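Take a look at the protein shown here. The report starts with the whole chain and then turns to one residue.

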Amino acid sequence: MNIYKKLCMIFAAVMTAATVWIFAACDTDGMENVSERRSGYFSASDEFYTVTAVSGVREKNYVADGKAGELKPYTLLTVAPKTFDVDAVITFSAKTSGGEYGGTLTAHPFAASFSAEFDSETSGAFTVTVVCGGDKREYSLASRTTKNTISYDRAIEAAGKAVELGRGRYEIRVRLIENPIGGEGLCWHVAYYYADGKDCGVLIDPVTAKPLAVKK
């Protein structure tokens, strides 16, 4: 075999490997090691209730054991009455882009609210009807995110640079939450749970991607 054919074979092998790598890179969706992605946050309120919904996907077996299992879609609905009565019976119906859902809300005595969950990821504005006794009220829940809100994978990337991830196998829960350290609005909370039981986390600014607080 002459040198020209050898060079051609080497070049073909290199291009094949490069092509495989490129397609593998394009195929990833940023969900490696992610056991929860909560990227939807909606709310509405009046003088009677504050209605909040968070949505995304998470493990069916929701356990912080350091590995990401099979995921399922979910939307968690929380209704906080202005006057809380733990014995109140409150039902809801939700009309979303994914379908219609309903049921009875469960009281949370310490958080002064009621909640329920349905197995669907909600995107875009949707309506929720809250019924208590003879009182029936409808709410149009609007997204709290904006066009400037960074994506969950960028939040993970920023968080990974802020903590040391050399403790072994871990899972990631990345969630939009109310900013707990002052100021109004949301932030990303990226938490890492290790197989040995340790954990760490970062609060990420939802626009600039800067760390707001770090727990190592």
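What follows is a short tour of a predicted model.

## The chain as a whole

The protein chain has 216 residues, and 35% of them are buried. Its secondary structure comprises 2 helices and 13 strands.

Consider the contacts in the chain with a separation of 6 or more. Residues 24 or more positions apart account for 60% of these. The chain also exposes about 12,300 Å² of surface. Carbon and sulfur atoms supply 54% of that area.

## How confident is the prediction?

The mean pLDDT of the chain is 88. A value of 70 or more is reached by 87% of the residues. Over residues 3-27, however, the pLDDT is below 50. This stretch has 2 contacts in the model beyond near neighbours in sequence. Where pLDDT is low, the predicted coordinates should not be read in detail.

## A closer look at R38

R38 sits in strand β1, which covers residues 34-45. This residue is buried, yet R38 has no salt bridge. Why not? The nearest side chain of opposite charge is E36, 4.2 Å away. A salt bridge needs the charged atoms within 4 Å, so E36 does not qualify.

R38 does have a polar partner. Its side chain makes a polar contact of 3.4 Å with the side chain of Y74.

## Around R38

Which residues does R38 contact, leaving aside neighbours within four places in sequence? V54, S55 and G56 are among them. Y74 is in contact with R38 too. V174, R175, L176 and I177 also touch R38, and W188 completes the list.

Conventions:
Residues numbered from 1 in each chain as written. Predicted model: local features only at pLDDT ≥ 70, side-chain atom pairs only at ≥ 80, totals over all residues. Heavy atoms only, no water. Helix = DSSP H or I, 4+ residues; strand = E, 2+ residues; numbered from the N terminus. Buried < 20%, exposed > 50% of the residue type's maximum accessible area, 1.4 Å probe, protein only. Lys, Arg positive; Asp, Glu negative; His and termini not counted. Polar contact = N/O pair within 3.5 Å; in protein donor to acceptor, adjacent residues only side chain to side chain. Contact = heavy atoms within 4.5 Å. pLDDT = per-residue confidence, 0-100. Areas by Shrake-Rupley, 256 points an atom, 1.4 Å probe, with all protein chains shown as cover.
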